[in-house]
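Welcome to this tour. Please open your viewer, and we will go from stop to stop, selecting as we go.

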Amino acid sequence: MGEYRSFRLLKYSPPEKTAANYSESEKNQFQESFKRRARDYRIFKYVVLGLFLVFAFALIKFSRAEEFYLSLTFVCTYVFLYLLFRPLCPACSRNVMAEVKIFCPECGSDRISPGGFMRAKECLSCGEVLRQGKGRSYKVRRCTHCGVFLDAKGL
Ligand SMILES: [Zn+2]
Ligand SMILES: [Zn+2]
């Protein structure tokens with residue numbers, strides 16, 4: 001476990017500056033510029049849903065042989081759009097939708113239980129269970145890399 005942890009730490013380097021290093025006016029600027037990114041990301045999610053419906057409908061129409069190319073096109077389109085619209089933190093320029101790293105995306109505390117196999121990380125400050133993926137139970141209101149507050153509504 002100890003080795004595993006240090007390996008993980010080697011792979012991930014936290015941003016040089018965190019929320020505590022920024023002034024109030026800088027933080028306000030970050031919030032302001034994140035508004036547009038959050039909006040773009042919300043639009044992106046609807047576009048993907050629309051694309052998926054078109055894709056599902058096309059699958060009925062196309063033959064088995066064409067399904068492969070159709071699926072490939074869908075995946076490539078998705079990846080391309082994701083790279084274009086993924087919400088990057090205005091402070092540290094990292095993807096805020098990444099797995100929880102240092103700061104709780106809900107309350108901004110850095111007291112996070114490590115979690116493990118089949119066990120989600122948990123914030124020891126606000127009690128939020130930080131389950132990832134499809135059943136994500138939390139909203140991203142802060143950057144998990146630098147802890148800067150981004151959006152009250154959350155993503
Ligand atoms: Zn950040
Ligand atoms: Zn928390």
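Before colouring anything, one term: pLDDT is the predictor's confidence in each residue, on a scale from 0 to 100. You need it here because this is a predicted model.

**Stop 1: colour by confidence**

Colour the chain by pLDDT. The mean is 90, and 94% of the residues reach 70 or more. Now select residues 2-11, which form helix H1: confidence is lowest there, at a mean of 56. Then select residues 121-123, strand E2, where confidence is highest, at 96. Where pLDDT is low, predicted coordinates should not be read in detail.

**Stop 2: the whole chain**

Switch to a cartoon view. How many helices and strands does the chain have? There are 3 helices and 3 strands. Following the chain from the N terminus, you meet them in the order α-α-α-β-β-β. The C-alpha trace spans about 55 × 40 × 25 Å along its principal axes. Of the 155 residues in the chain, 17% count as buried. Among the contacts with a separation of 6 or more, 55% are between residues 24 or more positions apart.

**Stop 3: helices H2 and H3**

Select residues 24-61 for H2 and residues 64-85 for H3. The two helices pack at an angle of about 175 degrees, and their axes are 11 Å apart. An angle over 145 degrees counts as roughly antiparallel, and H2 and H3 are therefore roughly antiparallel to each other. Show side chains where the helices meet: the contact includes Tyr41, Phe44, Val47 and Leu51 of H2, and Leu70, Phe74, Tyr78 and Leu81 of H3. Which class of residue will you find in this contact? By class, there are 13 nonpolar, 1 polar and 2 charged residues.

Stay with H3 and try the distance tool on its end C-alpha atoms. At 1.5 Å a residue, the 22 residues of H3 should span 32 Å, and the end C-alpha atoms are indeed 32 Å apart, which agrees. Is H3 buried or in the open? The number of buried residues among its 22 is 0, so H3 lies largely in the open.

**Stop 4: Leu70 and Ile60**

Zoom in on Leu70, which sits in helix H3. Not counting residues up to four places away in sequence, Leu70 touches Phe55, Ala58, Leu59 and Phe62. Leu70 has 15 C-beta neighbours inside 10 Å and so counts as partly exposed. To get a feel for distance, select Cys123 as well: Leu70 and Cys123 are 53 residues apart in sequence and 41 Å apart in space, C-alpha to C-alpha.

Next, select Ile60 in helix H2. Is Ile60 buried or exposed? A residue counts as exposed if 12 or fewer other C-beta atoms lie within 10 Å of its own; Ile60 has 6, so it is exposed. From Ile60 to Leu130 is 70 residues in sequence and 38 Å in space, C-alpha to C-alpha.

**Stop 5: two loops**

Move to the loop between H3 and E1 and pick out Ser93. Phi of Ser93 is near 65 degrees, a positive value in a residue other than glycine. Ser93 is exposed, with 11 other C-beta atoms within 10 Å.

Go on to the loop between E1 and E2, where Met118 lies. Phi of Met118 is also positive, near 65 degrees, and this residue is not a glycine. Met118 counts as exposed, with 5 C-beta neighbours inside 10 Å.

Ala120 belongs to the loop between strand E1 (112-113) and E2. Ala120 is partly exposed, with 18 other C-beta atoms within 10 Å. Leaving aside neighbours within four places in sequence, Ala120 is in contact with Gly115, Val129, Leu130 and Arg131. Ala120 and Leu130 are 10 residues apart in sequence and 6.0 Å apart in space, C-alpha to C-alpha.

**Stop 6: after the last strand**

Finally, select Arg141, in the segment after strand E3 (129-130). What does Arg141 contact beyond its neighbours within four places in sequence? Its partners are Pro105, Glu106, Phe149, Leu150, Asp151, Ala152 and Gly154. With 18 C-beta neighbours inside 10 Å, Arg141 counts as partly exposed. For a last distance, add Arg86: Arg141 and Arg86 are 55 residues apart in sequence and 15 Å apart in space, C-alpha to C-alpha.

Terms used. Residues numbered from 1 in each chain as written. Chains lettered and ligands numbered in written order. Predicted model: local features only at pLDDT ≥ 70, side-chain atom pairs only at ≥ 80, totals over all residues. Helix = DSSP H or I, 4+ residues; strand = E, 2+ residues; numbered from the N terminus. Axes fitted to C-alpha atoms, helices over the stretch in contact; angles between N-to-C directions. Parallel < 35°, antiparallel > 145°, perpendicular 65-115°, else oblique. Contact = placed C-beta atoms within 7 Å. Nonpolar A, V, L, I, M, F, W, Y, C, P; charged D, E, K, R; others polar. Expected span 1.5 Å × (residues − 1). Buried ≥ 20, exposed ≤ 12 C-beta atoms within 10 Å, placed from the backbone.
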